[in-house]
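Reader: I have the chain open on my screen and would like to go through it with you piece by piece. Could you start wherever you like and let me interrupt?

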Amino acid sequence: MTDVKFLIAGLFISNGKCRHITRTMKCHELIFVKSGTLYIREEEREFAVSAGQYLILQRLREHGGTADYDKKLSFFWGHFECSDKEFGRLPKYGCAARGDYLMQYFTLLINEQKHPDNQVTCNLLMKILLHETLRKSLPEKLSAGVPLIADAARRIIDLNFASQVTCAGIAAELNCSADYLGKVFRKSFKMTILEYLNSKRCSEAAYLLESGDSSVKEIAFFSGYNDLPYFRKQFFRIYSVTPGQYRKMHRTDKVNTMNL
């Protein structure tokens, strides 16, 4: 993408009240949901945008909430301008192929916009974010056959990541060997079961760091970690900052719901 102008960005964290306001903007908006589900419409089309999914709203089209905010909802948002030709290339709605990257780029953008005379850098970061939506994502439903085992394992992790779930336990539940499941999972999702499990746990920890006052040790436990040093190591690997640094960076970036 070549013709993109960044305007403003932020991170919204729900307090479980109200819903997205109804409005018509003169610019486009990219939304990426970190946790929970955002219920929103554009004109007559309704969307339920869940964690890991993005939505791009078009300028001069009315949009607004269709249900009250989910208590666990948090999402990044960015307003931008671009030519009709460039906008026409963008997907409307989908699953991010690299959700962790989107979160990191959005975090950089939110911090960069605070500095004066930094429009060029912000424009570049906005272009990168939009380019990420063009990446081919994993299908919501896998084809019949062996990949269904990997999909079933992913769903088990999504539901049980905060408990002491293990590859051996998942394999036993799916009636297959742990080695076989690990190979199929990695081939399907380009990551190991442990890597996926850590990404889910750290995503939950990030949400708790932003929205609550629990200690880092408590948050590690709530997210499925009993080993605090290991949690810190995995969190740093994914977010490139410590849990404490992440909390300081994001707790000041909350946006009032009525200003969305």
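Author: Let us begin with Cys18, bearing in mind that this is a predicted model. Leaving out residues up to four places away in sequence, Cys18 touches Asp68 and Tyr69.

Reader: Where does Cys18 sit, relative to β1 and β2?

Author: Cys18 belongs to the loop that lies between β1 (4–13) and β2.

Reader: And is Cys18 buried, exposed or partly exposed?

Author: Cys18 has a relative accessible area of 40%, so it counts as partly exposed, since that class lies between the 20% limit for buried and the 50% limit for exposed.

Reader: How far is Cys18 from Phe32, in sequence and in space?

Author: The two are 14 residues apart along the sequence, and their C-alpha atoms are 19 Å apart in space.

Reader: Let me move on to β2, then. How many residues of that strand are buried?

Author: Strand β2 covers residues 28–35, and eight of its eight residues are buried, so the strand is largely enclosed by the rest of the structure.

Reader: Which strands does β2 pair with?

Author: It pairs with strand β7 (residues 74–82) in the antiparallel sense, over seven bridges, and it also pairs with strand β5 (residues 53–57), again antiparallel, over four bridges.

Reader: Can you give me some residues to click on? What is the bridge partner of Phe32 in β7, for instance?

Author: Phe32 has Phe76 as its bridge partner in β7, while in β5 Phe32 stands opposite Tyr54. For Ile31, the bridge partner in β5 is Leu55.

Reader: What about β5 itself, which way do its side chains point?

Author: Gln53, Leu55 and Leu57 point one way from β5, whereas Tyr54 and Ile56 point the other way, and all of them are buried. With five of its five residues buried, β5 is therefore largely enclosed by the rest of the structure.

Reader: Which strand do three bridges join to β5?

Author: That is strand β8 (residues 93–95), which runs antiparallel to β5; within this pairing, Gln53 of β5 has Cys95 of β8 as its bridge partner.

Reader: Changing topic, which residues touch the most other members of the largest nonpolar core?

Author: They are Leu30, Phe80, Phe235 and Tyr239, in a core that has 42 residues. There is also a second, separate core of 16 residues, whose members include Ile156, Val165, Ile193 and Tyr196.

Reader: What is Phe235 in contact with, if I ignore its neighbours within four places in sequence?

Author: On that basis Phe235 is in contact with Cys202, Ala205, Ala206, Leu209, Ser240, Val241, Thr242, Pro243 and Tyr246.

Reader: Ser240 caught my eye there. What is its phi?

Author: The phi of Ser240 is near 65°, which is a positive value in a residue other than glycine. As background, most residues other than glycine have a negative phi. Ser240 lies in the loop between α9 (228–239) and α10, and it is partly exposed, with a relative accessible area of 46%.

Reader: And Leu60, what is its phi, and where is it found?

Author: Leu60, which is not a glycine either, has a positive phi of about 65°, and it is found in the loop between β5 and β6 (63–65). At 52% relative accessibility, Leu60 counts as exposed.

Reader: Now the second largest pocket: how much space lies in it, and what lines it?

Author: About 170 Å³ of space lies in that pocket. Its lining consists of Lys34, Met103, Gln104, Thr107, Leu108, Asn111, Tyr239, Ser240, Val241, Tyr246, Met249 and His250. The elements that give two or more residues to this lining are α2 (99–112) and α10 (243–251), and the largest share, five residues, comes from α2.

Reader: How does the lining divide by class?

Author: There are six nonpolar, five polar and one charged residues in the lining of the second largest pocket.

Reader: One last residue, Ser199: which helix is it in, and is it buried or exposed?

Author: Ser199 is in helix α7 (residues 193–211), and at 15% relative accessibility it counts as buried. Not counting residues up to four places away in sequence, Ser199 touches Asp100 and Ile238.

Note on methods: Residues are numbered from 1 along each chain as its sequence is written. This is a predicted model: local features need pLDDT of at least 70, side-chain atom pairs count only at pLDDT 80 or more; totals for chains, interfaces and linings use all residues. Side-chain values use heavy atoms; hydrogens and water are left out. Buried means under 20% relative accessible area, exposed over 50%, partly exposed in between (1.4 Å probe, protein chains only). Two strands pair if DSSP finds at least two bridges between them. On a 1 Å grid over the protein atoms alone, a cavity is a set of points where a 1.4 Å probe fits but cannot get out, and a pocket is an open set with protein on both sides within 12 Å along at least five of seven lines; lining residues have an atom within 4 Å of a point. Grid points are joined across faces, edges and corners, and a volume is the space filled by probe spheres set on the points. Ala, Val, Leu, Ile, Met, Phe, Trp, Tyr, Cys and Pro count as nonpolar, Asp, Glu, Lys and Arg as charged, and the others, Gly among them, as polar. A nonpolar core is a set of buried Ala, Val, Leu, Ile, Met, Phe, Trp, Tyr and Cys residues joined through side-chain atoms within 4.5 Å. Contact means heavy atoms within 4.5 Å.
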